[in-house]
Structure formats: structure tokens, C-alpha cells
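Please walk me through this structure, beginning with what lies inside it and ending with the empty spaces it encloses.

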Amino acid sequence: MESAQYSELLRTGALWIFFLSLIHMFLTPYFYKICEGYAHKKMVYPEQREKYGVLSELFRILSRVELVFVLWAVPLFFWFLITEGSRLSIAYFSSRNYIFPFFVVVIVLFIESRPIVFLGERLLSNIANFGKKSPAAWWWTILLIAPLTSTLIKETGTMVLACMLLVAKFFPFSPSKKFSYATAGLLFSNVSIGGMLFPITSRAMFLINPKLRWSSVFALKYFSWKAFLAILISTATYYLIFRKEFQAFPSTVPSRKTTDAVPWWVVCIHILFLVAIIFVRQTPVILVGVVLAFLGFRSLTIMYQSPISFTKVGMVGLFFSGLILFGDLQEWWVLAIMEKASYGGYMIISFIMSMFLDNALVNYLIFKLPLGNDCYHYLAISGAMSAGGLTLMANVPNIVGYLLLRSSFKVRSVSLAWLFVAALPPALISAVVFWAFKNFPIFTLCEFK
């Protein structure tokens, strides 16, 4: 159902609830500190253990950024009941497409498996060899080359692989707080920008490309080389800023132990499973069958597998399920803003909106405007994808990266504001590249200066 079908009262209220959920998300580190305070009081004042225990668990739940949108879906549901009645409320919540959150859970489950990580490490180590496998060489390889793998394993798979390698090849050397945030922000940005390398790489591009009928040649001319240029400039900039920190690191990153090696036949079967889930991702019944077959194979090869964190992957699914409930109700104000914008405004507005909405949703919504102009779509898509690393909801893989990297930071609670600041320079670099080269060198797409 389109949001225009619902009352203005419902849409306005849903916007305010969504706005409050965004505030809640950025307050999660503060709630975690409150949680720790009550946990400490529970130990100091045993006579009030029950009271402080309840408060501690309450703020622990509120501090879980993965649960923010699911928690705020509760008042959204009651607001639906009040304004639209039970029939439309149930119809809305049951008609959302939850296939993609399930696919994200599955892809994280597969890519995080030891055989796939082992394969990714072996392939990228060949590139890191050019820098004698130093921490700097691995850092460059992960942040510059890993985004290219999104063509094969999608953005979420790339994020999982890059994070697993950063945890093994970079964070053990205790980088400074600023360097840790800079690396995470740069990774989030590079993965989002890497979604423009090929039409089938990113969901945000793939979702509307069939309707735009842009060919692969069109994507190469107007998006691919600019995306790689933006990634290269951003990575080089951050390396120059933090290059002195690498001098305190060991000269070489230790290789994986022989006992951690995985037989190639196990790796090959994992690849076949991975290809299968990518091809059947739109068919839930078959996808579930493939997952069950994978779990069966995993139990047979348990000696070559790493433990599965079902809680973590489940939280990823909950995050995007909640975001879907809110995102589908934002169409009315997104289109109202875009209708009044100039060409330059399209890029700026889509950039800003993608901080708060999934960039795939932004691309989908702005496609509905009856402009039908390649220049308009180029600018809007470039703005949305450039901002994809700024917040956890801006791009699907960001929450996955956040959960995988969170334990590697030398702080008790990862600041979303610091992640935003760290990802902002690469986002601006990307936006400038796509704006500056919109008609370069001979491909005229936008007839204005």
C-alpha cells in the first residue's frame, strides 16, 4: 500500500514517531552508560538488587541500536489502530516485504562462515603481498579492493568479509580511537560508493535500474570509474592523515595458522551455496530450503566451521524489519520536497535524506517523480549513494559492520556521532567527484553548468 492511501493524521504521526526513533538511535551510547550505572548500583546496594536489576535490563534493551526501530514500531502500530482502525493496521504490517531482511540475515550467516572468510583472506593476501603483508598493506587492500567484491557477494557480503579481515589484520594492533573510527567510517562509505561500480552490485541501484533501462555500458561511463576514483581519493586521504600510526605497528601481519586452514572442497561447496542463495533470494520457500541444506552440511563439516552467533544475525534482521515499517510511510514528504528542487537540489536533498532513510528506499521514492530525466536520476542516485556510509540506516550493510566491529573498539560504547563524523569526508568527496565529472570527459548527461 502507498502512504498516500492513509490519512494525513496517520502520516504526520508516523513521521514524528520516526523522528523520535532517530533521536533514540543516537542516544543509545548514553543509555548504555545509564545501564552500567544501574548495574553497578545493583552490586553496591544488594537490598535494592531487584529494582536496579530491572532498570539495568531496561536501559540495556534501550541501548541496543539494533532494536530501536522494532521498539518504536509498537507505538506506530497503536497509532495505526487509532487513526486507521484494525483492518488497515493489520493489512499494513502484514503486507510489508520482509524478504530482504531475511536475505540479509542469511548472507551474513554465509559470509561470516570460516570457509568463506578463509577464501577471502587467501585472495586478498595475494594483493597485500605487494606491501609485504604489512598492516598498512592489509588496510589498503581491505578498504580499497574489498568493495570490488560486492559485484560477486553483494554489499552485505563485502561488509562482512571486510570487517572480519579488519578484526584479524588491523584492530589487534590497537589503533587509536580516532583511527578506529576513521577506518570504520571509511569502510562504510567505500562499501556504499562501491555499490555504483556495477548495476547489479547494490540493491539501491539494482532496484530501479531495470525500470530506467540503463545498460552496463551506461553504468561504466557515468558511475563505475567515478565511484572507484572517489574510493581511491578517500582512502588515500585517510592514509596520509594516519600514516604515522602505522609506524608503531609490527612490520608484518601474522598469517593464519595451519590448523585454521579449510580444505578447498569445503570452500567450493560453500561457494555453491552462496551462489544459490543469491539467485533464489526473492523466493522465500526455496531460500529456506537452501539455508536448511547449508546447516546440514555445516554440521557434517563442523571441524572446519566457526560458531554461529544467531543472536547477532537475528538482530540484523530485526533492525531492517523495523526500518521497513517506517520507511514505507515516508514517501509523501520525500516526494513533496523533491518536486520543488532544482537540478543541484536533487543531489543535495537525496544526500541529506539518505542519512535518515535507506538509500535504496530513497532511490525508489525519487524514481516515482514524473521527471523521467537521466540527469535527474544520475544526480539523485549519486547523492543517495554518496551518503550511504553516514548512519546505520543509510545503507543496509552498515548495521552489519557496526555489530561486527563494535567489540574491536577500545571504548565501552561505540558513538554513532563519531562514526558519522568519520564517514562525512569520504561522503563529501564522493559527492564532489560525481558533481564535478557529471559531463566528463565527453559524455554529456546534464545540460547545465
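In this predicted model, the buried residues of helix α5 are P101, F103, V104, V105, V106, I107, V108, L109, F110 and I111. Because 10 of the 13 residues of α5 are buried, the helix is largely enclosed by the rest of the structure. The cover over these buried residues includes α6 (114–128), α8 (150–169), α13 (264–279), α14 (284–300), α15 (310–327) and α20 (397–405). Helix α5 itself runs over residues 99–111 and reaches 18 Å from its first C-alpha to its last, close to the 18 Å expected at 1.5 Å a residue.

Helix α17, which spans residues 343–353, has G345, Y346, M347, I349, S350, F351 and M353 as its buried residues. These buried residues pack against α16 (331–339), α18 (359–367), α19 (374–386) and α21 (416–436).

The empty spaces come next. A search of the whole structure finds 3 cavities of 30 Å³ or more, and the largest of them holds about 80 Å³ of space. L109, named above as a buried residue of α5, is one of the residues lining this largest cavity, among which are also E112, S113, F294 and R298. By class, that lining has 4 nonpolar, 4 polar and 2 charged residues.

The second largest cavity, with about 60 Å³ of space, has a lining of 8 nonpolar and 3 polar residues and no charged ones. Helices α1 (8–26) and α21 each supply at least two residues of this lining, and α21 gives the most, with 3 residues. Helix α21 also belongs to the helices against which the buried residues of α17 pack.

Notes:
Residues numbered from 1 in each chain as written. Predicted model: local features only at pLDDT ≥ 70, side-chain atom pairs only at ≥ 80, totals over all residues. Heavy atoms only, no water. Buried < 20%, exposed > 50% of the residue type's maximum accessible area, 1.4 Å probe, protein only. Helix = DSSP H or I, 4+ residues; strand = E, 2+ residues; numbered from the N terminus. Contact = heavy atoms within 4.5 Å. Expected span 1.5 Å × (residues − 1). 1 Å grid on protein atoms, 1.4 Å probe; cavity = no way out; pocket = protein on both sides within 12 Å on 5 of 7 lines; lining within 4 Å. Points joined across faces, edges and corners; volume = space filled by probe spheres on them. Nonpolar A, V, L, I, M, F, W, Y, C, P; charged D, E, K, R; others polar.
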